[in-house]
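User: I would like to go through the salt bridges of this protein with you, one question at a time. Please reason briefly before giving each value or name.

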Amino acid sequence: MNSLGTPGLPKSEPAKAPRLTGVDPALFARHNGPCYRTPNDLQATPDGALRFLIVGGCLAQPFPEIAARINKTFHGDFVLLNNFDAFPEMPSDQASAHYDFQIIHIPLRTILGNAYFDLPDDDAAHEEFLRQTQDYLALYLSNALKLNTEHKLPSFVLGFLVPQQDPMGRFRPRYDKRNFMHFVELLNMFLAAEVAKRENVHFVDSDQIANSIGKKACQDDMVWSFSHGTTLSDGDHAYDLNRLQPPAPMHEHYAARWMEFFEATMHEILAMHRTLKQQDTVKLVAVDLDDTLWRGVAAEGSLGILEGWPMGFMEALLYLKKRGILLAIISKNDEQFIVSNWNKIVQGRIALTDFAVRKINFRSKAENLKEILHEVNLRPQNVVMVDDNPVERASIQAGVPGVRVLGRHLYYLKRILLWSPETQQCVLTTESRRKTEMVQAQLQRESVRKTLSQGEFLQTLNLRVSIGVMHDTKDLNMSRALELFNKTNQFNTTGARYTLEQCHEHFQAGWQLYVIQAEDRFTQYGLIGAAWVHHHCIHHVVMSCRALGLGIEDAFLATLAQHLDRHESSMMLGHLQPTEANLACRPFYSRNGFVQAENNPCLWSRLVRPLLVVPSHISLAPPTNQGAPEPSEPVRQRDSTVAFDYPEEDELLELEPAPDEELVLGELEELK
């Protein structure tokens with residue numbers, strides 16, 4: 001009997017310890033250098049050229065040079081804003097089109113001066129000075145964020161470096177406003193709160209970056225004035241060369257890693273920018289079990305302790321689940337044995353129900369992964385597989401091209417999975433928090449589908465759909481809608497991605513953003529669809545893979561058509577640009593009576609009348625947004641016995657590439 005109380009294989013003689021080899025220097029440098037906090041192991045798409053603006057004091061000045069070292073196509077422009085100078089005027093087209101983002105550095109000396117060190121040693125004086133300093137900080141921030149206020153330019157605000165020790169000594173109460181360390185921490189808390197109030201503005205924790213590198217190697221508070229608050233440098237060494245005993249440069253007195261601090265900060269900002277763009281997003285992490293989720297082989301009774309990296313790995317998986325990333329098990333094991341002994345093996349650290357889907361059998365792992373992708377409607381490019389066996393990793397990569405694999409270096413797993421920009425989100429939506437529950441309900445729904453005809457299945461769903469309209473980026477649904485546009489691939493009529501800045505520009509131009517929510521007898525799916533509409537033209541539609549095959553997109557089209565009819569529009573237009581992944585939405589317009597334009601295969605049109613009708617199995621619930629179009633008469637419905645078919649991969653059509661945007665808009669005007 002093994003440690004689980006079940007028969008195991010006969011024990012063999014203890015194996016000799018394998019010969020250990022050192023870590024490859026390049027691997028060590030990659031995981032211990034400026035990218036330590038921002039692992040790039042999951043990055044599949046190389047960074048393209050970008051241009052950014054630097055606004056602030058002297059700490060920010062090196063960033064353009066640092067960025068160019070990281071990537072020659074990165075270009076930064078520096079604007080000195082030391083005191084409370086007015087932000088320089090900049091043409092609006094340059095601000096909105098020229099820059100991908102801006103970095104804001106607020107000099108500590110500008111808002112603090114030297115008055116702090118002259119304060120009487122009482123709490124009331126420090127409290128009042130804190131309030132005044134916060135007012136100055138808010139004023140500087142508002143001035144520096146002019147481009148964000150006017151154009152929603154993505155902005156990254158650097159926090160202050162907290163001194164390494166309080167100048168009054170070690171016995172000063174640590175969390176007291178009279179302790180300068182804590183005073184700066186309170187300024188950081190205030191700054192982060194002010195940043196959180198603004199759209200498309202994000203706080204960068206510079207102090208934690210310095211901590212990761214080692215403050216003694218990059219911070220200047222042990223040499224320069226406390227209010228200077230920047231990094232060590234050799235900048236003023238030339239002024240000391242005429243002394244009787246000229247000193248050696250600063251970098252010879254201290255471990256010189258201040259350039260690494262600038263690089264690490266730049267990588268932090270680039271990682272945040274990648275997350276905002278939702279580039280190479282991970283949607284599912286599949287894991288092997290033996291020697292991957294835990295030490296040893298469970299069925300052989302050779303389990304090791306959970307303490308150490310296994311507990312850390314399980315913890316990482318649970319945090320990924322909270323972020324909305326699906327978990328899956330793919331393991332060559334006896335499923336009954338694993339299920340029966342699960343709690344004994346993992347000791348309550350993670351539950352089987354935390355995994356949205358599992359394939360525990362002795363089939364090919366690549367085939368199991370393909371099945372999972374089909375069941376949850378995901379692409380290989382959105383999946384990470386973790387397996388300790390190099391043969392299995394190679395087999396998965398060969399059998400399911402596009403899947404990213406991990407498992408060779410187990411001591412990096414937790415950091416890669418939690419710190420990589422590809423597994424992070426800017427905003428955690430309700431749909432993300434409930435993703436596992438919703439997918440499990442989807443799998444249950446699909447199981448029922450197999451036992452009924454299509455018509456019977458749809459009629460038993462009790463499907464309720466709500467359609468609303470958004471008019472600005474402050475809407476509560478904006479984060480989820482943006483997430484859908486930037487993550488959805490299969491039902492995505494153009495493949496376009498958006499920044500909040502671009503959404504703001506669309507709203508300013510009079511576009512409307514329709515959002516679609518749904519629920520059925522299995523679960524609430526939340527916001528599962530979104531569409532950009534301008535006048536009577538549908539520019540872009542996305543639909544979550546969880547909603548495919550239910551006719552929800554047709555219900556949206558029918559609702560919009562009836563809304564246009566009430567406003568005396570006679571024509572509907574749609575834009576459909578084929579991509580490698582959007583096979584599911586190719587028939588969207590054609591099956592609803594739209595005709596493809598002869599001179600532009602990406603443009604579709606139909607007369608509003610005869611009116612499209614909502615499928616009979618769908619009930620339209622009152623819209624959740626005030627601006628949604630409410631029907632003045634009952635919405636027309638059609639019979640739902642016809643299946644909603646989606647083409648298979650081998651039906652992919654060769655279509656001409658889409659023209660540029662100006663030409664598209666010109667064609668739309670002609671069709672109008």
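User: How far apart are the closest N and O atoms in the salt bridge that Glu446 forms with Arg445?

Analyst: This is a predicted model, and in it Glu446 and Arg445 are partners in a salt bridge. Arg445 counts as buried, its relative accessibility being 1%. The closest N and O atoms of the pair are separated by 3.0 Å.

User: Which residue forms a salt bridge with Glu268, and how many residues apart in sequence are the parts that the pair ties together?

Analyst: The side chain of Glu268 meets that of Arg37, with an N to O distance of 3.1 Å. Glu268 belongs to helix H10 (residues 258-277), whereas Arg37 sits in the loop between helix H1 (25-32) and strand E1 (50-56), so the salt bridge joins parts whose separation in sequence is 231 residues.

User: Is Glu268 buried or exposed?

Analyst: The cut-off for a buried residue is a relative accessible area under 20%. Its partner Arg37, at 22%, is partly exposed. Glu268 has a value of 14%, and is therefore buried.

User: What is the relative accessible area of Glu437?

Analyst: Glu437 shares a salt bridge with Arg434, where the N to O distance is 2.8 Å. Glu437 is classed as partly exposed, and its relative accessible area is 42%.

User: Which residues are linked in a network of salt bridges, and to what number does the count of salt bridges come?

Analyst: The network links Asp121, Asp166, Arg172, Asp176 and Arg178 through salt bridges. For the model, the count of salt bridges comes to 39.

Definitions and conventions
Residues numbered from 1 in each chain as written. Predicted model: local features only at pLDDT ≥ 70, side-chain atom pairs only at ≥ 80, totals over all residues. Heavy atoms only, no water. Salt bridge = Lys/Arg side-chain N within 4 Å of Asp/Glu carboxyl O. Helix = DSSP H or I, 4+ residues; strand = E, 2+ residues; numbered from the N terminus. Buried < 20%, exposed > 50% of the residue type's maximum accessible area, 1.4 Å probe, protein only.
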